[in-house]
Amino acid sequence: MIGTKPIVPTAAAPVAPVSPAFASPAAAARLGYRPSLDGLRGVAILCVLAVNSLLPFFPGGFLGVDIFFVLSGFLITTLLMEEWDRSGAINLKYFYARRALRLLPALFLLLTAACLYGLLFQSREMAAVTWRESLWVLFYFANWMLTIEHEVGSLDHAWSLSVEEQFYVLWPIALLMLLRLGVSRDRILMLLGLLIVAAAIWRAFLWHNGAHYLRLYYGSDTRADALLIGCFTGLLFSWNRLPRSEIGLAISRALAAVGVLFLLYIGVLVPHDAGFLYAGGFTLIAFAAAVLLVQALGPQPNAASQFLANPMLVWIGCISYSLYLWHYPIFHALRLERFESLGWNPFLVHTIRFAAVFAAAGASYYFIERPFLRLKPRLHTAAIRT
């Protein structure tokens, strides 16, 4: 979900110059490593930390999850398309092995720590909740558990990892089938567009017919539009269909400015149970995130890409997966009310909680994630042999 670096670490290949607003459909773009994408991850995880730490000034920080969804759809799609353009095939076994290597070691560490904490420090009832949640998280169905039980535990945040993993199972297979069947690029984009609209309408329909907002917030079907918008953007990038003319870039910058203002409005003023979100708001958030993503990918430096390439944001983006894994259990263990009852200064309390989160995430990233990521070249070699 919230990976450390863009999935394709190779240098970006030069793209043939084009004169119209969009490049030739036959051209293939290469992503390479873009620090601004890590910076965008950094922004997303900071939003999530703000809302889940109960900072009072950013109730809409949940939009960070939508940014992650868009990024996941984009990065997975560009990865798959680069492999297809390079070899005319997609090795699904290699793809899923890479995903497991990327996601599972740090997740296993978190679940082990959560279960031990429940055994040692929680009541029998809460420990049972933690152990049951761990099983759902391990099998990536935590989001559906929450739509049914609405329990509050230390692993509730893993619902988004489940949504993304379910996407990882379905989308590569669907994309490979479309490519093998020779479906035209325009028709693939049209199909994705229809699915985005269908997901938004389905969520609005359920909302207006009395569905609980948590069913809509956690459901894979009702959050699919953000992932699909990321996929759509990834195909536009891979097929060189993003704006490249002066007029196109100017329009893109204007849309990005509007998108940033909209995201700030959501972050500061809109809680996650607002009806507006379920009647189209989540789709607008995803579109705004996609427009900002396009700016980060721009062929020329711009205000958005330069801001997102800030070294501190890039570093936070690099450890964002571990930050996401560890922040909620730590905030849950170091609950605000425990400190408030002792009369501690709120600023000091938040500082302690954030320091604990960054310390745990840093240890997870440098001692678990990175050593396993170094094994990726071996997977690549094995995939070539097969």
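The following dialogue examines a surface patch and a helix pair in a predicted model.

Modeller: Residues are numbered from 1 along each chain as its sequence is written, and side-chain values use heavy atoms, without hydrogens and water. In this predicted model, local features need pLDDT of at least 70 and side-chain atom pairs pLDDT 80 or more, whereas totals for chains, interfaces and linings use all residues.

Biologist: Why are α2 and α6 called roughly parallel to each other?

Modeller: Helix α2 (residues 63–87) and helix α6 (residues 159–180) pack at an angle of about 30°, and their axes are 10 Å apart. Angles under 35 degrees count as roughly parallel, and α2 and α6 are therefore described in that way. Their crossing is right-handed, a term used if the near helix is turned clockwise from the far one by less than a right angle.

Biologist: What makes Val65 count as buried?

Modeller: Val65, found in helix α2, has a relative accessibility of 5%. Buried means under 20% relative accessible area, exposed over 50%, and partly exposed in between (1.4 Å probe, protein chains only); Val65 therefore counts as buried. Its C-alpha atom is separated by 8.4 Å from that of Cys47, 18 residues apart along the chain.

Biologist: Why is Trp131 called partly exposed?

Modeller: Trp131 lies in helix α4 (residues 124–138). Its relative accessible area is 44%, so the residue is partly exposed.

Biologist: Which residues form the nonpolar patch with Trp131?

Modeller: Leu116, Leu119, Leu120 and Phe121 join Trp131 in this surface patch, with about 610 Å² of accessible area together. Helix α3 (residues 92–121) gives the most to the patch, with four residues. Patch residues have over 30% relative accessible area and no salt bridge; nonpolar side chains (Val, Leu, Ile, Met, Phe, Trp, Tyr) are joined within 5 Å, and like charges within 9 Å. A salt bridge is a side-chain nitrogen of Lys or Arg within 4 Å of a carboxyl oxygen of Asp or Glu.

Key. Accessible areas come from the Shrake-Rupley method with a 1.4 Å probe; for residues, only the protein chains shown count as cover. Helices (H or I, at least four residues) and strands (E, at least two) are DSSP runs, numbered from the N terminus. Axes are lines fitted to C-alpha atoms, for helices over the stretch in contact, and angles run from 0 to 180 degrees between N-to-C directions. Angles under 35 degrees count as roughly parallel, over 145 as roughly antiparallel, 65 to 115 as roughly perpendicular and the rest as oblique.
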